[in-house]
Amino acid sequence: MTWAAITGWGKCMPPATLTNADLSTFLDTTDEWIVSRTGMRERRISHVSATELATVAAARAIACAGLAPDDVDLIVYGSCSNEEAVPNSASGVQLALGATRAAAMDLNTACTSFLYGLSAATAMIRTGVVKNAVVIGVELISRYMDWSNRSVAVLFGDGAAAVVLQASSREEGVLGSALGCDADARATLRVRGIGCGYANQGVTLGDTIWDFDGPAIFKRAVNAMSAASTRVLAECGVAADAVDLVVPHQANLRIIESVARHAGIPMEKVMLTVERYGNMSAATVPVALVEALDAGRVRSGANILMPGFGGGLTWAALLVRWGGRVTPLGEATRELAPCPESALELVNGIRAIQDPHGRSAAGLAAPVFIGK
Ligand code: UT7
């Protein structure tokens with residue numbers, strides 16, 4: 001039987017850090033509110049494109065696996081941040097990497113895009129379609145954030161990370177995936193202003209309105225991530241106390257604590273990044289995984305549970321068995337260009353091109369042809 005081992009990993013975090021104090025210079029919010037309700041203190045704001053973040057993360061993961069770009073069979077770009085719809089973003093990463101042999105596909109299930117991508121690429125390797133794959137989780141939410149809305153602007157950040165999967169005869173990599181979608185509640189998380197449904201509505205860059213029912217999403221996230229975790233552990237025959245590490249989606253510290261409690265796993269076994277990076281949507285889980293490896297928190301043979309939740313409302317929980325190697329085989333030389341501005345300056349630059357009066361996007365109706 002063929003499995004799909006995780007043999008490479010790498011992240012790319014933009015250096016500019018936006019603090020809660022920065023946010024309170026233009027929003028009616030406080031450090032106390034943000035920390036007590038979410039656990040977040042800082043998040044990153046990118047000065048480069050999402051494709052560039054993804055390319056650096058992927059280059060690091062490929063070097064970590066001891067491969068060269070032209071060894072890669074498949075690139076999966078997991079994200080809801082795309083510079084363009086056509087051509088797709090994965091093709092931009094393929095070109096920038098020089099991964100000329102690779103098939104290239106985008107996958108968008110919002111915050112769960114990396115987990116869905118990991119599951120899909122694993123299936124493609126296990127069925128012999130490809131021998132290896134780079135799976136990326138990347139977001140550049142700062143460019144389409146509604147920076148006038150304190151209910152969402154404090155929650156999100158930018159970032160990227162990637163893993164390399166390779167065919168293996170040993171039982172390792174993703175052992176099981178529980179995937180699903182609470183579509184009846186899809187209207188609770190919607191970014192109005194992006195997509196062809198808005199093409200004739202006069203929207204300019206960054207002019208979005210976020211429909212975001214935080215308390216409803218919170219409850220759905222806890223229930224779905226808990227149920228998916230229970231299901232994947234049962235399907236794999238792994239008891240909760242045999243889980244060595246949880247690498248969860250990080251939308252809110254209180255959600256993570258609740259999911260861990262429901263799963264019967266102590267918080268000491270949970271890898272947390274939410275305080276430093278906020279919610280990076282699809283980038284959250286892979287960045288936390290890379291940081292867990294860097295911190296020596298992944299041992300060979302470890303059982304790693306990865307629950308996630310996001311727009312759609314999609315949910316997932318994957319169980320990964322780590323292989324033998326927890327250290328990189330090589331290092332990439334590719335780096336981001338230096339960032340000449342502070343995070344607050346970058347955000348204020350985006351705010352300056354958003355409509356300052358009455359929000360032109362405020363009148364945007366959700367496209368009727370996609371339901372509720
Ligand atoms: O990755 C995608 C999945 N996303 C999630 O899973 C997010 C899930 N939801 C949440 O994490 C939480 O619901 C939030 C952190 C978004 C909000 O926390 P909450 O405890 O549910 O607060 P709330 O939305 O019920 O708002 C409570 C109050 C409101 O004021 P009133 O009506 O009580 O006067 C808000 O207007 O807090 C106010 N508020 C703020 N105050 C200061 C909302 N945002 C802020 C803010 N600063 N940034």
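In the predicted model, the axes of helix α7 (residues 214–236) and helix α8 (residues 253–263) come within 9 Å and cross at roughly 35°, and the crossing of these two helices is right-handed. On the α7 side, the contact is formed by Phe218, Ala221, Val222, Met225, Ser226 and Ser229, which meet Arg254, Ile255, Ser258, Val259 and His262 of α8. Classified by residue type, this contact between α7 and α8 comprises 6 nonpolar, 4 polar and 1 charged residues.

A second helix pair is formed by α3 (residues 50–64) and α4 (residues 89–97), whose axes come within 9 Å and cross at roughly 55°; α3 and α4 are therefore oblique to each other, and their crossing is right-handed. From α3, the residues Thr51, Ala54, Thr55, Ala58, Ala59 and Ile62 take part in the contact, and they are met by Ser89, Gly92, Val93, Ala96 and Leu97 of α4. The contact of α3 with α4 contains 7 nonpolar and 4 polar residues, with no charged residues.

Helix α4 also belongs to a right-handed β-α-β unit, in which it is combined with strands β4 and β5. Strand β4 (residues 74–78) and strand β5 (residues 103–107) run parallel and are joined by 5 bridges, with Leu74 having Ala103 in β5 as its bridge partner. Helix α4 thus appears both in the contact with α3 and in the β-α-β unit with β4 and β5.

Note on methods:
Residues numbered from 1 in each chain as written. Predicted model: local features only at pLDDT ≥ 70, side-chain atom pairs only at ≥ 80, totals over all residues. Heavy atoms only, no water. Axes fitted to C-alpha atoms, helices over the stretch in contact; angles between N-to-C directions. Helix = DSSP H or I, 4+ residues; strand = E, 2+ residues; numbered from the N terminus. Parallel < 35°, antiparallel > 145°, perpendicular 65-115°, else oblique. Left-handed = near helix turned anticlockwise from the far one by under 90°. Contact = heavy atoms within 4.5 Å. Nonpolar A, V, L, I, M, F, W, Y, C, P; charged D, E, K, R; others polar. Pairing = 2+ DSSP bridges. Right-handed = clockwise from strand over helix to strand, strands pointing away.
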